Amino acid sequence: MADDLGDDDYYLQEETQPKATELTEKTVKTKKNKERTLPKRQLGTYSDLVTTIRVHYKKSKSQYELDELLSIFNSSISASSPSTSKISFEEYLNELVPIKKWSKQADLSSAPVVLIIAQSALRCIELGKILKNSSSSNLFTFHYLFAKHKKLSEQIELLQKPTTLFNIIIGTPKRVDDILDAKVINAKRLKFVLIDWNYQNVKQQRLIDLNQLKTEICHLICEQNVLCRRFFKEKTKIGLF
């Protein structure tokens, strides 16, 4: 079951966001009402994430510390990414986790198999709607983790209940980080951390283009002990989509 947020449309009262596309040109209007073509963008790769981590910590860590950190993020924990934007979100999930295994992955409370990181509450809800409307919707049970209209204490209380069952978490970096700090997530079955890297908001900004979110995603991936232990033991992989 999804998180008890009521009608998802309540969270979608903002402007509908455009979907990310592969190597497509976008046009936007400037303040002078003139259209300009935005540059083409390649789909994000795992090496892009490693480069982002390296640049982010370059000034705050010694070269030895940085090399030690980056040694964790070797290719062995890189999950496959969609080869083309034509692959649907549902198809991508089913590539990572075979359909026959999904039905067996929602019988342990607060124990996700997949953790999806998105840039905003709005985007989280959009991804949730995609899962609800997919042909595999009966297999995907997800839980939202974001700050909009939800207190941290309320989410912690809900996650502590033995009846809170799901196999996917969809959340924003900071809220997911805070929840993991509260130790109410069972990471035993966590196989994939998927970053919504290629999605662009109405200002054509990706998650990684926003400085605050970039800092939060780096902290979540590199400094959150729950995830770092999983990455170090190669029990959880990271994918970009």
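I will walk you through the fold of this chain, then one group of helices, one strand residue and two loop residues.

Please keep in mind throughout that what we have here is a predicted model. The secondary structure of the protein chain comes to 9 helices and 7 strands, and of its 241 residues, 49% are buried. If we take the contacts between residues at least 6 apart in sequence, 76% of them join residues that are at least 24 apart. As for the surface, the chain exposes about 12,900 Å², and carbon and sulfur atoms supply 49% of that area.

Let me start with helix α2, which runs over residues 63-72, and in which Leu-66, Leu-69, Leu-70 and Ile-72 are buried. Looking down the axis of α2, we find these buried residues within an arc of 140°, so they line one face of the helix. Gln-63 and Tyr-64, on the other side of α2, are exposed. What, then, covers the buried residues of α2? The cover includes α1, residues 46-57, together with α8 and α9, and I would like to take the contacts among these covering helices in turn.

For α1 and α8, the axes come within 10 Å and cross at roughly 100°, which makes α1 roughly perpendicular to α8. On the α1 side the contact is made by Thr-52, Ile-53, His-56 and Tyr-57, while α8 brings Lys-214, Thr-215, Cys-218, His-219, Ile-221, Cys-222 and Glu-223. By residue class, this contact divides into 5 nonpolar, 4 polar and 2 charged.

The other pair is α8, residues 211-223, with α9, residues 225-232, and here the axes come within 6 Å and cross at roughly 55°. An angle of 65 to 115 degrees would count as roughly perpendicular and one under 35 degrees as roughly parallel, and α8 and α9 are therefore oblique to each other. In this contact Leu-220, Ile-221, Cys-222 and Glu-223 of α8 meet Asn-225, Leu-227, Cys-228 and Phe-231 of α9, and the residues involved divide into 6 nonpolar, 1 polar and 1 charged. You may recognise Ile-221, Cys-222 and Glu-223 of α8, since they are also among the residues in the contact with α1.

Turning now to the strands, I have picked Phe-192, which is found in strand β6, residues 192-195. Is Phe-192 buried or exposed? Its relative accessible area is 11%, and because the limit for a buried residue is under 20%, Phe-192 counts as buried. Leaving aside neighbours within four places in sequence, Phe-192 is in contact with Ala-79, Leu-96, Val-97, Val-113, Val-114, Leu-115, Thr-236 and Lys-237. One of these partners, Val-113, lies 79 residues away along the chain, and yet the two C-alpha atoms are separated by 6.6 Å.

Finally, a word on the backbone of two loop residues. Most residues other than glycine have a negative phi. Lys-183, however, has a phi near 60°, a positive value in a residue other than glycine; it is found in the loop between α7, residues 173-181, and β6, and at 70% relative accessibility it counts as exposed. Glu-234 likewise has a positive phi, of about 60°, although it is not a glycine. Its place is in the loop between α9 and β7, the strand at 237-240, and with a relative accessibility of 47%, Glu-234 counts as partly exposed.

Conventions:
Residues are numbered from 1 along each chain as its sequence is written. This is a predicted model: local features need pLDDT of at least 70, side-chain atom pairs count only at pLDDT 80 or more; totals for chains, interfaces and linings use all residues. Side-chain values use heavy atoms; hydrogens and water are left out. Axes are lines fitted to C-alpha atoms, for helices over the stretch in contact, and angles run from 0 to 180 degrees between N-to-C directions. Helices (H or I, at least four residues) and strands (E, at least two) are DSSP runs, numbered from the N terminus. Angles under 35 degrees count as roughly parallel, over 145 as roughly antiparallel, 65 to 115 as roughly perpendicular and the rest as oblique. Contact means heavy atoms within 4.5 Å. Ala, Val, Leu, Ile, Met, Phe, Trp, Tyr, Cys and Pro count as nonpolar, Asp, Glu, Lys and Arg as charged, and the others, Gly among them, as polar. Buried means under 20% relative accessible area, exposed over 50%, partly exposed in between (1.4 Å probe, protein chains only). Accessible areas come from the Shrake-Rupley method with a 1.4 Å probe; for residues, only the protein chains shown count as cover. The arc is that of the directions from the helix axis to the C-beta atoms.
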